[in-house]
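Hi,

Here is the model I promised to pass on. Have a look at it first, and my notes follow underneath.

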Amino acid sequence: MALEDAKTDVDGAITRKTHRGLSFENTFGGVTSFLRRSYTKDLTGVDLAVTGIPFDLAVTNRPGTRLGPRAIREASTLQAPDAPYGWGFNPVDEFDIVDYGDMAFDYAQIADFPAALTRHITGILNAGAASLTLGGDHYISFPILRAYAEKFGPLSLVQFDAHSDTWVDDDFDRIDHGTMFYKAVKAGLIDPARSVQIGIRTDNPDTMGVHIIDAREVHEMGTRAAVEKIKSVVGDHPTYVSFDIDALDPAFAPGTGTPVWGGLSSAQAAAMLRDLAGINMVGGDVVEVSPPFDTTGATAIAGAHVAVALMCLWCWNKRNR
Ligand code: MN
Ligand code: MN
C-alpha cells in the first residue's frame, strides 16, 4: 500500500493481503485493529500477536478497563501510517504482526477467567508467536505469566507502575489487581532478584526481593541512569514487560482506576522504553487504561504509544538475537 491508497482503501484490518507494511487508510474510519494490522484468528506464520483482554473485575477502586482494548486500538490508528519514531527500523515491514482480537470469556463466571486466559496465551505461544496484550486491569498479567513461565521458566519482570502489586495475599483464588505479583513471586513465575519495578509511589515495605526504582528516583537520576539500572538487574534473562498506565502521572494518563500523583511523564516513559532496546523481551502488556475516566482520550493515546514501543522492543530483540 502507498499514500495514494488512502483515497480508495478502507478496512485494511480485514482486507489487507499481507500482514506486513504500513497502512495509509483514513485514520478516522474503517474497521479498527491495533495499528491497522490484520484482524485475524489465524496465527500461521505470525511473529507477534496483539490481543485484547477486556476484563476489569479485579479492581480495588474505579472500573472501566474492560473498554481499554477498544480505546487503545482506536488510538493506535493515528500511528499506523508511519514507522515508529526514533527506532531506526520499521517492525511492520520486518515481522508478521497481527491483531488476534479479544479473548472470549463469561463475565459472570469470574473464577473460570484465570485458567481461560492462561490457555489463551498458551495457544499463542504454542503457535510459535509471542503475545502483546492490551488490558484490562493489571490482574491479567498473572495468568499470562503462568503461560510464559511454563515456556521460559521463572522470568524477569520489568514493571512500570505506581504500585508494586505485591501486597500480601495468600489466597490464590482471590482475583485482585493489587496482589498478583506477590503470587507470581510465590508461585515461582518471576524471579524477584532479576525483576524491577519502575515508577513506584505507594507504600509497600516488603518488596518481595524485587528491585525498585521509585518515581522520585527516576526524576532525580534521569532516565538514562534508570535504564542502566534496569538492564543491570535483568541482564540477558527472558523478560516480560508489564506497563501499568498509572506509572504515568495523572496529568498524562488520567483515565485509570487508581491514579497517584508524582508519576512519570510520557517523555520519560518514551525515553526509557526506547533505551531498553537490547533486553531479552519475550512478551508484554499495557494495562489499566480506563476510557470512562479518560475525558480527553490522552490515556488511550499514551496506551497506544506504550504498546507500539513494546512491539518495537520485542522486534528489536528478535532481529538482533
Ligand atoms: Mn498501578
Ligand atoms: Mn498495577
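Let me start with K183, which sits in helix 6 (helices, H or I with at least four residues, and strands, E with at least two, are DSSP runs numbered from the N terminus). Before going further, the ground rules: this is a predicted model, where local features need pLDDT of at least 70 and side-chain atom pairs count only at pLDDT 80 or more, while totals for chains, interfaces and linings use all residues. Residues are numbered from 1 along each chain as its sequence is written, chains are lettered from A and ligands numbered from 1 in the order in which they are written, and side-chain values use heavy atoms, with hydrogens and water left out.

Back to K183: its relative accessible area is 1%, so it is buried (buried is under 20% relative accessible area, exposed over 50%, partly exposed in between, with a 1.4 Å probe and protein chains only). A polar atom of its side chain lies 3.0 Å from the backbone oxygen of D171. Leaving aside neighbours within four places in sequence, K183 is in contact with F142, D169, D171, F172 and R174 (contact means heavy atoms within 4.5 Å).

Now the metals. The manganese ion (ligand 1) has as protein donors D161 (OD), H163 (ND1), D244 (OD) and D246 (OD), the last of these listed twice, at 2.1 to 2.4 Å. Donors here are N, O and S atoms within 2.8 Å of the metal (3.2 Å for Na, K and Ca), and water is not among the atoms, so sites may look incomplete. Along the chain, the donor residues of ligand 1 run D-x1-H-x80-D-x1-D. H163 is in the loop between strand 4 (156-160) and helix 6 (180-186), and D246 in the loop between strand 7 (239-244) and helix 9 (266-275), so this pair ties together parts that are 83 residues apart in sequence. H163 counts as buried at 10% relative accessibility, and D246 is buried at 1%.

For the manganese ion (ligand 2), the protein donors are H138 (ND1), D161 (OD), D165 (OD) and D244 (OD), 2.1 to 2.2 Å away. Their spacing is H-x22-D-x3-D-x78-D. D161 bridges the two manganese ions, which lie 3.2 Å apart. D161 and D165 are both buried.

Next, strand 3 (residues 130-135): six of its six residues are buried. A130, L132 and L134 are on one side, with S131, T133 and G135 on the other. Strand 3 pairs in the parallel sense with strand 1 (residues 48-53) over six bridges, and T133 is the bridge partner of T51. Strand 3 also pairs in the parallel sense with strand 8 (residues 281-287), over three bridges, where L132 is matched with G284. Two strands pair if DSSP finds at least two bridges between them.

Helix 4 (residues 113-126) has 10 of its 14 residues buried, among them F113, L117, I121 and L125. The elements covering those buried residues include strand 1, strand 2 (97-102), strand 3 and helix 5 (141-152). G128 follows helix 4 and has a positive phi, near 90°.

One last residue: T299, in helix 10 (residues 298-320), is buried at 0% relative accessibility. Beyond its neighbours within four places in sequence, T299 is in contact with residues including I245, F252 and D294.

Cheers

Key
A polar contact is a pair of N or O atoms within 3.5 Å; within protein, one must be able to donate a hydrogen and the other to accept it, and residues adjacent in sequence count only if both atoms are side-chain atoms.
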